Amino acid sequence: MKAPSGPPARASFAEEKKFLWLPLLLNAYWITDKGVHSRLKKEKKRGRKLACKKGCSNCCRAHTDIPVYPIELAGIYWYMAEKIDALARRQILENLATRKEKGSGGPPCPFLVDGACAIHVIRPMACRHFNVLETPCAPGEDPFFARREDVAPPSGEYTHNAFAATLPFYGIGPDTDEILAVGRLRNTQAVNLIEYNWTRLVEILNQNGSTSK
Ligand code: SF4
Ligand code: SF4
């Protein structure tokens, strides 16, 4: 992650025509990224700079609670099965196997490979929200508790709109009360990426291992 110089671009994939949920997810991530960009621009004007950069990954090693929503899980499963390169896939399988052996679902995040996020383009909104100002996180530090003033998520308007963009995935149409629907989605649908049981993903990856890149 580095300080953005211009407005973020929307990621796009040819598979958006095939998987109707994928453009919803990519739109949600784009709204989120625009919200982050807007927040960081404001912080820059205040003389505060983003500490996050590629290779800085103590957050992915320390956090125990990273909410992920069903459409985001769909994105991770798809990306892992069809897009990720073989080396990263192997490392993630190893990370997941090690966690199982240790009987632990704890950190680090299994998608952390060589100090970077192997699913960066499809990483959850919660990871996108977590931007730290001024000083990089120390090992084991969680600035959300230690120095909340240095954590710079996008404004509520952007987070709301990002969730709202995914509502059709949950069968929620435009005639519903959007504020209520987003609130319910956020309150009832999150699982924890770190504690989540990725057994099915491992099975899929092992099945695909011989045919995928
Ligand atoms: S949240 Fe902290 S550890 Fe993660 S990239 Fe930003 S400064 Fe580095
Ligand atoms: S999904 Fe990526 S950014 Fe999020 S915690 Fe895992 S490695 Fe870090």
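Which helices each supply at least two residues of the lining of the second largest pocket? Keep that in mind as you open this predicted model, and let us walk up to the answer.

**Stop 1: the pocket**

Start by selecting Leu-96, Lys-100, Asn-197, Trp-198 and Thr-199, which of the 15 lining residues are the closest to the centre of the second largest pocket. The volume here is about 250 Å³. Now colour α4 (86–102) and α9 (199–208): these are the helices that each give at least two residues to the lining. The largest share comes from α4, with 5 residues. If you colour by class, you will find 7 nonpolar, 5 polar and 3 charged residues in this lining.

**Stop 2: a cis peptide bond**

Next, follow the chain out of α4 into the loop that leads to β2 (112–113), where Pro-108 is found. Zoom in on the bond from Pro-107 to Pro-108: this peptide bond is cis, with omega near 0 degrees. As a reminder, most peptide bonds are trans.

**Stop 3: across from Pro-107**

Keep Pro-107 on screen and add Thr-64. The two are 43 residues apart along the chain, yet their C-alpha atoms are separated by 6.1 Å. Thr-64 belongs to the loop between α2 (58–62) and β1 (67–68). Leaving aside residues up to four places away in sequence, Thr-64 touches Pro-107, Asn-192 and Ile-194. Switch on the surface and Thr-64 shows up as partly exposed, with a relative accessible area of 46%.

**Stop 4: the shell of ligand 2**

Select ligand 2 and show the residues around it: Cys-60, Ile-66, Cys-109, Phe-111, Leu-112, Cys-117, Ile-119, Pro-124 and Cys-127. What does this shell hold by class? There are 9 nonpolar residues, no polar ones and no charged ones.

**Stop 5: two residues with positive phi**

Most residues other than glycine have a negative phi, and the tour ends with two that do not follow that pattern.

- Go to Asp-114, in the loop between β2 and β3 (116–117). Its phi is positive, about 50 degrees, although Asp-114 is not a glycine. Is Asp-114 buried or exposed? Asp-114 is exposed, with a relative accessible area of 76%.
- Then move on to Glu-134, in the loop between α5 (125–129) and α6 (143–146). Glu-134 is not a glycine either, and has a positive phi of about 70 degrees. On the surface view, Glu-134 is partly exposed, at a relative accessible area of 29%.

Terms used:
Residues numbered from 1 in each chain as written. Chains lettered and ligands numbered in written order. Predicted model: local features only at pLDDT ≥ 70, side-chain atom pairs only at ≥ 80, totals over all residues. Heavy atoms only, no water. Near = heavy atom within 4 Å. Nonpolar A, V, L, I, M, F, W, Y, C, P; charged D, E, K, R; others polar. 1 Å grid on protein atoms, 1.4 Å probe; cavity = no way out; pocket = protein on both sides within 12 Å on 5 of 7 lines; lining within 4 Å. Points joined across faces, edges and corners; volume = space filled by probe spheres on them. Helix = DSSP H or I, 4+ residues; strand = E, 2+ residues; numbered from the N terminus. Buried < 20%, exposed > 50% of the residue type's maximum accessible area, 1.4 Å probe, protein only. Contact = heavy atoms within 4.5 Å.
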